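Subject: Structure handover

Hello,

Here is the structure you are taking over. Please have it open while you read the notes below.

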Amino acid sequence: MTIRFIYFNTPFWRAEIGRIALFIGKIDFEDIRVKREEFLNARKTGKLYDGTKIPFRQLPVLVIDGESISQTAGIARLCGKLAGLYPLNHNVEAAQIDQIIDMATDITYLLTPSMREGNSALKKAMREDIAKSSLPRLISFLEELLETKKGTWFVGETMTIADLAIWRLMGSLTSEIIEYIPNDILSPFPKVKKVCSSVGQHPNVIEWIQKTYPENYPAGNPV
């Protein structure tokens with residue numbers, strides 16, 4: 001099996017779930033980091049310069065034995081299955097993981113309008129409003145889920161791709177990469193923080209950060 005993972009040269013959660021899962025599972029893959037120019041061309045043509053198909057003309061894309069697969073959740077599930085971080089024979093736990101991935105997507109969509117806003121003053125106002133209301137509200141739902149668990153993780157007794165997704169997303173939110181979101185936004189949510197710190201202490205995650213993150217890039221492990 002040949003695997004190619006295609007995304008930008010940035011540790012955004014949508015890509016990091018799959019990339020880190022494969023790395024943890026010791027699954028060989030080619031980590032392809034495309035530049036903006038090539039991506040913009042792919043949006044027009046549906047292909048990278050080398051002819052690789054980009055379904056829906058968006059990234060990330062996972063290519064397995066020449067077959068291109070798009071969409072974050074589908075890629076994450078497949079990488080999780082290959083790496084042992086997603087259940088193969090437990091439908092309820094699989095669905096519980098899926099709902100966390102979808103919530104991470106909801107939180108990202110919450111931020112999307114402000115990411116596209118070119119007026120800095122309006123962007124600041126939008127982010128401050130989000131940080132006071134809707135963002136803590138969504139994170140509180142994650143905290144409520146964890147309050148029903150006996151252990152650390154969102155699903156089951158070991159780390160899954162659900163935990164990877166929330167770790168990286170919350171890492172971005174608390175590292176001041178996203179302007180005007182306070183770095184203490186997780187203060188009211190100790191169980192979410194515990195998930196994030198536990199993922200961040202995983203030896204393979206630490207190794208991946210050291211290996212692939214740009215120098216001085218905040219790993220974003222909320223503590």
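A residue counts as buried under 20% relative accessible area, exposed over 50%, and partly exposed in between. Arg33 has a relative accessible area of 24%, so Arg33 is partly exposed. Keep in mind that this is a predicted model.

The sheet

There are 4 strands in an open sheet. Their order is E2-E1-E3-E4, and the pairing is mixed. Strand E2 (30–34) and strand E4 (67–70) are the edge strands, each pairing on one side only. From one strand to the next, the twist averages 25°.

Now the pairing of E1 with E3. Strand E1 covers residues 3–8 and strand E3 residues 61–64. The two run antiparallel and are joined by 4 bridges. Arg4 has Val63 as its bridge partner in E3.

Helix H1, residues 13–24, lies across E1, E2 and E3. Helix H1 runs at about 145° to E1.

Salt bridges

How many salt bridges does a search of the whole structure find? The count is 7. Three of the pairs are described here.

Arg4 and Asp50: the closest N and O atoms are 2.9 Å apart. Arg4 sits in strand E1, while Asp50 sits in the loop between helix H2 (36–45) and E3, so this pair ties together parts that are 46 residues apart in sequence. Is Asp50 buried or exposed? Its relative accessible area is 51%, and the limit for exposed is over 50%, so Asp50 is exposed.

Asp31 and Arg33: these side chains meet in a salt bridge at 2.7 Å, N to O. Asp31 is partly exposed because its relative accessible area, 28%, falls in between the limits of 20% and 50%. Arg33, at 24%, is partly exposed as well.

Arg77 and Asp98: the side chains meet at 3.4 Å, N to O, in another salt bridge. Arg77 belongs to helix H3 (residues 72–83) and Asp98 to helix H4 (residues 91–116). The pair links distant parts of the chain, 21 residues apart. Arg77 is partly exposed, with a relative accessible area of 28%.

There is also a network. Glu16, Arg19, Asp31 and Arg33 are joined into one by salt bridges that share partners.

Where to look again

Start with Arg4. Its bridge partner in E3 is Val63, and its side chain forms the salt bridge with Asp50. Then turn to Asp31 and Arg33, which form a salt bridge and belong to the network with Glu16 and Arg19.

Best wishes

How values were computed: Residues are numbered from 1 along each chain as its sequence is written. This is a predicted model: local features need pLDDT of at least 70, side-chain atom pairs count only at pLDDT 80 or more; totals for chains, interfaces and linings use all residues. Side-chain values use heavy atoms; hydrogens and water are left out. Two strands pair if DSSP finds at least two bridges between them. Axes are lines fitted to C-alpha atoms, for helices over the stretch in contact, and angles run from 0 to 180 degrees between N-to-C directions. Contact means heavy atoms within 4.5 Å. A salt bridge is a side-chain nitrogen of Lys or Arg within 4 Å of a carboxyl oxygen of Asp or Glu. Buried means under 20% relative accessible area, exposed over 50%, partly exposed in between (1.4 Å probe, protein chains only).
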